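Subject: Structure for your review

Dear colleague,

Please find below the structure that I am handing over to you. My findings follow after it.

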Amino acid sequence: MPPSIQRVVETALYCDDLARTAAFYRDVLGLRVLSGGPRLVSIDAGQATLLLLFQRGGTLEGLTFSGGRIPPHDGNGPVHLAFAVSVEDLPAWERRLEQAGVAIESRVTWTLGGKSVYFRDPDQHSVELVTPGTWETY
């Protein structure tokens, strides 16, 4: 048996307009920006997790610094990420999205009783707000 994995620490999205997308996650979702630059914006996604926003194409060369080297990476097309929210807070989130002019693309009630709301960020990534009861582990 391999050693156990504890959790996902980072999720990365690749953005065409890094400042615009960072503003969306900061202003609409209320997430705290930890650091920012022309290549990367790091965002506190709650409970010791990070959302990393990279300028699309800005990581194709990798990055060497005094502590080591980060290998090249990049991505294209709309990807998906989900943020955990409480069932009690989901209606308030729906109102917040509506007030921010963000269209809700889909609502789902899962077999285990969880609920999800899907919408798009400025780079057309599929963002989900999801309540417990969606997965066996959540």
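A residue is called buried when its relative accessible area is under 20%, exposed when that area is over 50%, and partly exposed in between. Please note that this is a predicted model.

By this definition, helix α1, which spans residues 18-27, has the buried residues L18, T21, A22, A23, F24 and Y25. Among the elements that cover these buried residues are the strands β1 (10-15), β3 (40-44) and β4 (50-55), together with β7, β9 and β10.

Three of the strands just named recur in an open sheet of four strands, whose order is β7-β10-β9-β8 and whose pairing is mixed. At its edges are β7 (80-84) and β8 (104-109), each of which pairs on one side only. On average, neighbouring strands of this sheet are turned by 20° against each other, with direction ignored.

In general, the strands of a sheet pair through backbone hydrogen bonds, in either a parallel or an antiparallel manner. Here, β8 and β9 (residues 115-120) run antiparallel and are joined by five bridges. Within β9, V117 is the bridge partner of R107.

A second helix, α2 (residues 90-99), lies across β8, β9 and β10 (126-130), and runs at about 15° to β9.

Finally, there is a nonpolar patch on the surface: L63, F65 and I70 make up about 240 Å². Of these residues, F65 belongs to strand β5 (residues 63-65). F65 counts as partly exposed because its relative accessibility is 45%, a value between the cut-offs of 20% and 50%.

Yours sincerely,
A colleague

Methods. Residues numbered from 1 in each chain as written. Predicted model: local features only at pLDDT ≥ 70, side-chain atom pairs only at ≥ 80, totals over all residues. Heavy atoms only, no water. Pairing = 2+ DSSP bridges. Helix = DSSP H or I, 4+ residues; strand = E, 2+ residues; numbered from the N terminus. Axes fitted to C-alpha atoms, helices over the stretch in contact; angles between N-to-C directions. Contact = heavy atoms within 4.5 Å. Buried < 20%, exposed > 50% of the residue type's maximum accessible area, 1.4 Å probe, protein only. Patch = residues over 30% accessible without salt bridge, like charges linked within 9 Å, V, L, I, M, F, W, Y side chains within 5 Å. Areas by Shrake-Rupley, 256 points an atom, 1.4 Å probe, with all protein chains shown as cover. Salt bridge = Lys/Arg side-chain N within 4 Å of Asp/Glu carboxyl O.
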